[in-house]
Amino acid sequence: MSVSRLPEGGAGSLVKCVVWDLDNTLLRGIYLESLPQRPPADPAMAGLLAKLGKRGIVHAIASKNPSEAAEYAAQATGCEFVAAECGWDRKSQSLARIAAVLNISVDALAFVDDDPYERAEVGSALPGVRVLSPEDAAEAVDWPEFSPAGVTAEARRRADLYQRRRHRLDAEREFGGSREEFLRACATQVTIAAAQDEDVPRLHELSERTSQFNSAGEALSAESIRALIGSPARDVMTVRLQDCFADDGLVGGCVIDRRHVRVWTVPLLMMSCRAMGRGVIDALLTWLARSAARQRAAALQVPCARSDRNVPLRLALASAGFRACADQAAGGGRAVFRCELGVPWPALPDWVSAPGGS
Amino acid sequence: MSEPKGRGAAWTEERGTSDEGRRRLTAPRRRAEDTAIADELRHVLAGATGRSELLRITLDTPLFGTAVALDSLTGTLLLREVRHRFGVDVAREDLNLDALATLGTLAAFVSQRTPLTAGSG
């Protein structure tokens, strides 16, 4: 299949979240020094917030201010912030915490601050972060890393979905039972289905944005996906997820190559990190194994890029009983994870609906 | 994870300054360290999963099996914490993640890659 290679993080890869300073950046003035009045939002920066938001890029705050300042900034700019780190820590630590809360790599962050000291601190501690002055930011929004190819329904709702994710995490922390019980309690629904033409933009976007759960380590163009949907002995599958907190829409997918009837290959397996810990990847692997076994394949294999970033995917594969064998054709940077289908697989949990039933 | 990395450090200090620790030969000391590593891993697992009953699992408990039910989320938290506390990058060294078979295999994997406690020899 024809693929365009994405750089491994750093300059060039897509920015998922912009972290903003407040004093003299998002706000025209210094919050604490202006009290009891409060400085107005900088209209140029508020414009950038809205522009990037429409592209599915979310915003966060890292500010050396009390936490009320973040609430005020949301009100003054009219923009939603998915995370706010207010305090007197180093900003690189604030950014690392924001990335952890959102479950994205720090390399997917950009940071805007008027203070050259803060920019230097973040730039040296976290070299993968795009560090910008407010003046640079106005120009940078037209750089490719701030310009995802297509803007999907999921992308437009991204900020909202991150908020709902936070509510779900809070609920899970308070929930006493096991993860499975929690998934059941919040009416989790996973739907696996054959991809339709209208799913192509979102599948392409997922192939570009996912890294923790992406077996290929490469983006797959919309044309390639469209071509695969119509190809004989290939399947492109979608995975949708919803529960009582949110309808996350299309969160994952895979490409199946059935040209070798005895050994099915999955050249691309991917899932949004927002769906992590919600039983999605395990459901997909179980469905794949059961479908392959039903059609008398003896083994299922997933070629996988070896990187530090897709360790969560390797954990899912290891947990499902896949084993790596060296991939001669592709060299040392890849491995093929393989699973023999002799032993019967457990049935899919009843909250998963998929072709072929459970 | 709420627990800071201090626990390991505090333990090493204790072990390192106790007279008993000083008198020990390498082999028994290694065994004692293995026990302590396993204990610390139990705490990490309990923290990652929010389940305190994991503080009592035995060395032969499978991590992917039903008792612990490690998944990609809790597994990632576990590996991250192991890297922070012990400086051992399991994912980088172990493609198949065989080290995660049981609590005991993970403790042994970490133990083989950490130097004996400094200051006690």
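**Exercise 1. Find which residue is the bridge partner of Gln242(A), then work outward to the strands around this pair.**

Step 1. In this predicted model, Gln242(A) has Asp247(A) in strand 10 of chain A as its bridge partner.

Step 2. Look at the connection. A hairpin of 4 residues leads from strand 9 of chain A to strand 10 of chain A.

Step 3. Follow the pairing. Strand 9 of chain A and strand 10 (residues 247-257) of chain A run antiparallel, joined by 9 bridges.

Step 4. Turn to another partner of strand 9. Strand 7 (residues 189-194) of chain A pairs with strand 9 (residues 234-242) of chain A over 6 bridges, in the antiparallel sense. Here Ile192(A) stands opposite Val239(A) in strand 9 of chain A.

**Exercise 2. Give the order of the 5 strands in the open parallel sheet of chain A, and find what packs on this sheet.**

Step 1. The order is 4-3-2-5-6, and the pairing is parallel.

Step 2. Find the edges. Strand 4 (83-86) and strand 6 (130-132) of chain A each have a single partner strand, so one side of each lacks a neighbour in the sheet.

Step 3. Check the turn. On average, neighbouring strands are turned by 20° against each other, direction ignored.

Step 4. Take one pair. Strand 2 (residues 17-20) and strand 5 (residues 109-112) of chain A run parallel and are joined by 4 bridges. Val19(A) stands opposite Phe111(A) in strand 5 of chain A.

Step 5. Add the helix. Helix 4 (residues 91-102) of chain A packs on the sheet and touches strand 2, strand 3 (58-63), strand 4 and strand 5 of chain A. The direction of helix 4 makes about 155° with that of strand 4 of chain A.

**Exercise 3. Describe how helix 4 of chain A packs with helix 5 of chain A.**

Step 1. The axes of helix 4 and helix 5 (residues 116-125) of chain A are 8 Å apart, at an angle of about 55°.

Step 2. Classify the angle. Angles under 35 degrees count as roughly parallel, and 65 to 115 as roughly perpendicular. Helix 4 and helix 5 of chain A are therefore oblique to each other.

Step 3. List the residues. Lys91(A), Ser92(A) and Leu95(A) of helix 4 meet Glu118(A), Glu121(A), Val122(A) and Ala125(A) of helix 5.

Step 4. Sort them. This contact has 3 nonpolar, 1 polar and 3 charged residues.

**Exercise 4. State how chain A is divided into domains, and how these touch.**

Step 1. Domain 1 covers 14-146 and domain 2 covers 153-353 of chain A.

Step 2. Their C-alpha centres lie 32 Å apart.

Step 3. Domain 1 of chain A gives 10 residues to the contact and domain 2 of chain A gives 12. The domain 1 side has 5 nonpolar, 4 polar and 1 charged residues.

**Exercise 5. Which element of chain A supplies the largest share of the side that touches chain B?**

Step 1. Count both sides. Chain A contributes 16 residues and chain B 15 residues.

Step 2. List the elements. Helix 12 (280-294), helix 13 (311-319) and strand 13 (323-326) of chain A each supply at least two residues.

Step 3. Helix 13 of chain A has the largest share, with 7 residues.

Step 4. The chain A side divides into 9 nonpolar, 2 polar and 5 charged residues.

**Exercise 6. Report the confidence scores of the model and of chain B.**

Step 1. The model scores ipTM 0.71 and pTM 0.72.

Step 2. Chain B averages a pLDDT of 76, and 70% of its residues score at least 70.

Step 3. Among the elements of chain B, helix 6 (residues 103-113) has the highest mean pLDDT (94), and helix 1 (residues 6-17) the lowest (37).

Step 4. Over residues 1-25 of chain B, pLDDT stays under 50.

Terms used:
Residues numbered from 1 in each chain as written. Chains lettered and ligands numbered in written order. Predicted model: local features only at pLDDT ≥ 70, side-chain atom pairs only at ≥ 80, totals over all residues. Pairing = 2+ DSSP bridges. Axes fitted to C-alpha atoms, helices over the stretch in contact; angles between N-to-C directions. Contact = placed C-beta atoms within 7 Å. Nonpolar A, V, L, I, M, F, W, Y, C, P; charged D, E, K, R; others polar. Parallel < 35°, antiparallel > 145°, perpendicular 65-115°, else oblique. pLDDT = per-residue confidence, 0-100. Domains from an automatic or database assignment.
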